[in-house]
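Grab a coffee and work through these short exercises with the structure open beside you. Try each task before you read its solution.

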Amino acid sequence: MLQSLTSNSCVRLIQSHKSTWYFLSLVLGYLLYLIFGAVVFSSVELPYEDLLRQELRSIKKQFLQDNVCLSEERLERFLQKALEASNYGVSILNNASANWNWDFTSALFFASTVLSTTGYGHTAPLSDGGKAFCIVYSMIGIPFTLLFLTAVVQRIMVFSTRRPIMYIHRRWGVSKPLVAIVHATLLAMLAVSCFFLIPAAIFSALEENWNFLESFYFCFISLSTIGLGDYVPGESFTQKFRELYKVGITVYLILGLIVMLVVLETLCELQQLKQLRKMFYLKKEKPQDRLAILEHDHLSFTTVSDRATALREDKTHPVLASPSADDPMIQ
């Protein structure tokens, strides 16, 4: 008897806090996914890092043996200075001296990566004034960009998602959730083709050292606003029409980001995903005063309804009403 009462109380406790348990399972799943990613990245990339370190050590050792007049300390200082300049996008190679990082088109590309929070990191402000302006520019520009993207996506959604779904639903009487799923699938396939596959083929043809996988990797990293910066187009010293190429990449990033947001918003409007999200949300609690008003209105409505029903019955059956003892006719 005690065990059954305990089990029933546990079941009631779980059911009354169902959303909390779902949320805790979501947090646990996210942490496990982070750990899983760390394990996979470490196991895959660590051997390549070790191989690269050994190769650099051997090259450095061979260079010092071939140049006995150069000490290891002087070489270390030179390499440290070169790496610091490279982190700011400045290269000491002769074939890279013709490309400037802060001409107008490169600065326009940098501004687009800042406002879209992509931030490749291949170019960064060198001066204190540039760093201070970047902070102020980002504080104003990022919310402005979010407002701009929200307004654009809201207008595109009307013509790309809501109206087509309602038209097919009313025209052919197809179930609205089914139409929404098919529409979201087709829209996602179209976005992948136009903003991932085709641009990846174009980048692999324009960039000398990029294959199709690396180009597709750049497209995904850019449009998902991850922006690792290991692949940046237009940085080759042999790049033709570099200024026009940079402007085209800037337009591609803005349009691609808008399309990605449209696809995500379309997926979020699916009924199945809405139900899935509700599992992890807190239920909205009604205020106490509102509950009291609703209860008072309900009682008033019930009283009025009962009186109206009694009056209707009296009017419907007047003969069946029993005479009262105080009736003057009976007296």
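**Exercise 1.** Find the volume of the second largest pocket in this predicted model, then work out which residues lie nearest its centre.

*Solution.* Start with the space itself: the second largest pocket takes up about 270 Å³. Next, look at what surrounds it. Its lining is made of 13 residues. Now zoom in on the middle, where Phe-196, Leu-223, Met-260, Val-263 and Leu-264 sit nearest the centre.

**Exercise 2.** Which helices each supply at least two residues of that pocket's lining, and which gives the most?

*Solution.* First, list the helices that make the cut: H6 (176-206), H7 (212-223) and H8 (242-268). Then pick the top contributor, which is H8 with six residues.

**Exercise 3.** Sort the lining of the second largest pocket into nonpolar, polar and charged residues.

*Solution.* Begin with the nonpolar group, which holds twelve residues. One residue is polar. That leaves the charged group, and it's empty.

**Exercise 4.** Step back to the whole chain: how many helices and strands does it have, and what percentage of its residues count as buried?

*Solution.* Count the elements and you get ten helices and zero strands, so reading along the sequence just gives α-α-α-α-α-α-α-α-α-α. For burial, the cut-off is under 20% relative accessible area, and 21% of the 331 residues meet it. Now turn to the outside: the accessible surface is about 24,900 Å², with 68% of that belonging to carbon and sulfur atoms. Finally, check the contacts between residues at least 6 apart in sequence: 58% of them join residues at least 24 apart.

Notes: Residues are numbered from 1 along each chain as its sequence is written. This is a predicted model: local features need pLDDT of at least 70, side-chain atom pairs count only at pLDDT 80 or more; totals for chains, interfaces and linings use all residues. Side-chain values use heavy atoms; hydrogens and water are left out. Buried means under 20% relative accessible area, exposed over 50%, partly exposed in between (1.4 Å probe, protein chains only). Contact means heavy atoms within 4.5 Å. Accessible areas come from the Shrake-Rupley method with a 1.4 Å probe; for residues, only the protein chains shown count as cover. On a 1 Å grid over the protein atoms alone, a cavity is a set of points where a 1.4 Å probe fits but cannot get out, and a pocket is an open set with protein on both sides within 12 Å along at least five of seven lines; lining residues have an atom within 4 Å of a point. Grid points are joined across faces, edges and corners, and a volume is the space filled by probe spheres set on the points. Helices (H or I, at least four residues) and strands (E, at least two) are DSSP runs, numbered from the N terminus. Ala, Val, Leu, Ile, Met, Phe, Trp, Tyr, Cys and Pro count as nonpolar, Asp, Glu, Lys and Arg as charged, and the others, Gly among them, as polar.
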